[in-house]
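Student: I have a model open and would like to understand how its descriptions are reached. Could we go through it together?

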Amino acid sequence: MIEENQNKGKGYEMSDTYVECLVKAKPSWIGKFFKMLLIMLTVVFVLAIFVLPPLMMFAFIGAIITGVGAYFVNLFTDLEYEYLYLDRELVVDKVMAKTRRKRVATYQLDRVEILAPFKSYHLDNYRNRNVNKTKDYSIGEELQPDRRFIMYYEGGEKIILSPSEEMIKVMKNVAPRKVFAD
């Protein structure tokens with residue numbers, strides 16, 4: 001607080017439009033199945049190395065292949081999405097297995113047509129619209145209460161998000177006619 005008051009006279013301004021939100025996506029049952037299958041096969045191949053010495057080379061190659069496969073399946077099933085809102089811009093990053101980060105998309109709030117809760121009446125005019133792309137950066141499941149939001153973006157994109165209440169509040173302050181919290 002002291003720094004803010006000292007910096008006001010020097011031409012510095014503090015920006016309150018920075019909000020960060022991290023959500024964990026629910027993995028699909030197919031991804032879970034393949035991950036468990038590959039882990040079990042890796043264990044079987046490693047045990048076969050010690051139990052069946054004549055087949056050691058084949059078991060070793062099988063253990064490497066299934067182990068690498070389990071790693072990559074885990075990488076693509078353990079997903080988190082990070083939303084970063086800064087000065088009228090929403091950036092979506094994908095965090096894979098808490099080790100790799102990839103920028104997925106950047107959206108300008110000026111080009112957003114509407115952002116509203118999943119079952120909002122504000123989306124009634126948009127429900128029958130043909131969209132070119134539908135992108136899901138949400139938790140991937142309906143919880144009670146459902147905190148997923150749909151954003152229609154200029155150019156025919158439909159984006160599904162799970163932002164925090166703080167992020168919706170900040171975005172609503174900037175664009176009150178485009179962002180609805182119901």
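Tutor: Gladly; what follows is a conversation about this predicted model and the reasoning behind its labels.

Student: Let's start with confidence. How do you know what trust the predictor puts in the protein?

Tutor: pLDDT is the predictor's confidence in each residue, from 0 to 100. Here the mean pLDDT is 86, and 91% of the residues reach 70 or more. Residues 1-14 are a stretch to treat with care, as pLDDT stays under 50 there. For those residues the model has 2 contacts beyond four places in sequence.

Student: And the overall form: what radius of gyration would a compact globule of 182 residues have, and what does the protein have?

Tutor: The globule would come to near 16 Å, but the protein has 23 Å. The C-alpha atoms fill a box of roughly 80 × 50 × 30 Å along the principal axes. As for cover, 36% of the 182 residues count as buried. The accessible surface is about 12100 Å², and carbon and sulfur atoms hold 59% of that area.

Student: Which elements make up the protein, and in what order?

Tutor: There are 4 helices and 8 strands. Starting at the N terminus, the elements run α-β-α-α-β-β-β-β-β-β-β-α.

Student: Take the sheet with the order β1-β2-β3-β4. What makes β1 and β4 its edge strands?

Tutor: This is an open sheet of 4 strands with antiparallel pairing. β1 (18-24) and β4 (100-108) each pair on one side only, and that is what puts them at the edges. From one strand to the next, the twist averages 20°.

Student: How do you know that β3 and β4 are paired?

Tutor: Two strands pair if DSSP finds at least two bridges between them. Strand β3 (residues 89-96) and β4 are joined by 8 bridges and run antiparallel, so they meet that condition. As an example of the register, V95 stands opposite R101 in β4.

Student: Which helices lie against these strands?

Tutor: Helix α3 (residues 56-77) lies across β2 (79-86), β3 and β4, at about 40° to β2. Helix α4 (residues 165-174) also packs on the sheet, where it touches β1, β2 and β3. The direction of α4 makes about 35° with that of β2.

Student: Why is K102 called partly exposed?

Tutor: Buried means under 20% relative accessible area and exposed means over 50%, with partly exposed in between. K102 has 48% relative accessibility, so it counts as partly exposed. K102 lies in strand β4 and touches V92, D93, K94 and M96, leaving aside residues up to four places away in sequence. K102 and K24 are 78 residues apart in sequence, and their C-alpha atoms are 15 Å apart in space.

Student: Why does M36 get the label partly exposed?

Tutor: The relative accessible area of M36 is 46%, which lies between the two cut-offs, so the label is partly exposed. M36 is found in helix α2 (residues 29-51). M36 and V73 are 37 residues apart in sequence and 9.7 Å apart in space, C-alpha to C-alpha.

Student: Now the sheet with the order β5-β7-β8-β6. What kind of pairing does it have?

Tutor: The pairing in this open sheet of 4 strands is mixed. Its edge strands are β5 (112-117) and β6 (133-137), each of which pairs on one side only. Neighbouring strands are turned by 15° against each other on average, direction ignored.

Student: How do you know that the pairing is mixed?

Tutor: Look at the two partners of β8. Strand β8 (residues 157-161) runs parallel to β6, with 5 bridges between them. Strand β7 (residues 149-153) pairs with β8 in the antiparallel sense over 5 bridges. Parallel on one count and antiparallel on the other, the sheet is mixed.

Student: Which residues are matched across these pairs?

Tutor: Between β6 and β8, T134 stands opposite K158, and K135 has I159 as its bridge partner. On the β7 side, Y153 has E157 in β8 as its bridge partner. β7 and β8 form a hairpin with 3 residues between them, and G155 in the turn has a positive phi of about 100°.

Student: And what makes you call β8 mostly covered?

Tutor: Buried means under 20% relative accessible area, and 4 of the 5 residues of β8 are buried. That count is what the description rests on.

Technical notes. Residues are numbered from 1 along each chain as its sequence is written. This is a predicted model: local features need pLDDT of at least 70, side-chain atom pairs count only at pLDDT 80 or more; totals for chains, interfaces and linings use all residues. Side-chain values use heavy atoms; hydrogens and water are left out. Contact means heavy atoms within 4.5 Å. Helices (H or I, at least four residues) and strands (E, at least two) are DSSP runs, numbered from the N terminus. Axes are lines fitted to C-alpha atoms, for helices over the stretch in contact, and angles run from 0 to 180 degrees between N-to-C directions. The radius of gyration is taken over C-alpha atoms; the globule rule is 2.2 Å times the number of residues to the power 0.38. Buried means under 20% relative accessible area, exposed over 50%, partly exposed in between (1.4 Å probe, protein chains only). Accessible areas come from the Shrake-Rupley method with a 1.4 Å probe; for residues, only the protein chains shown count as cover.
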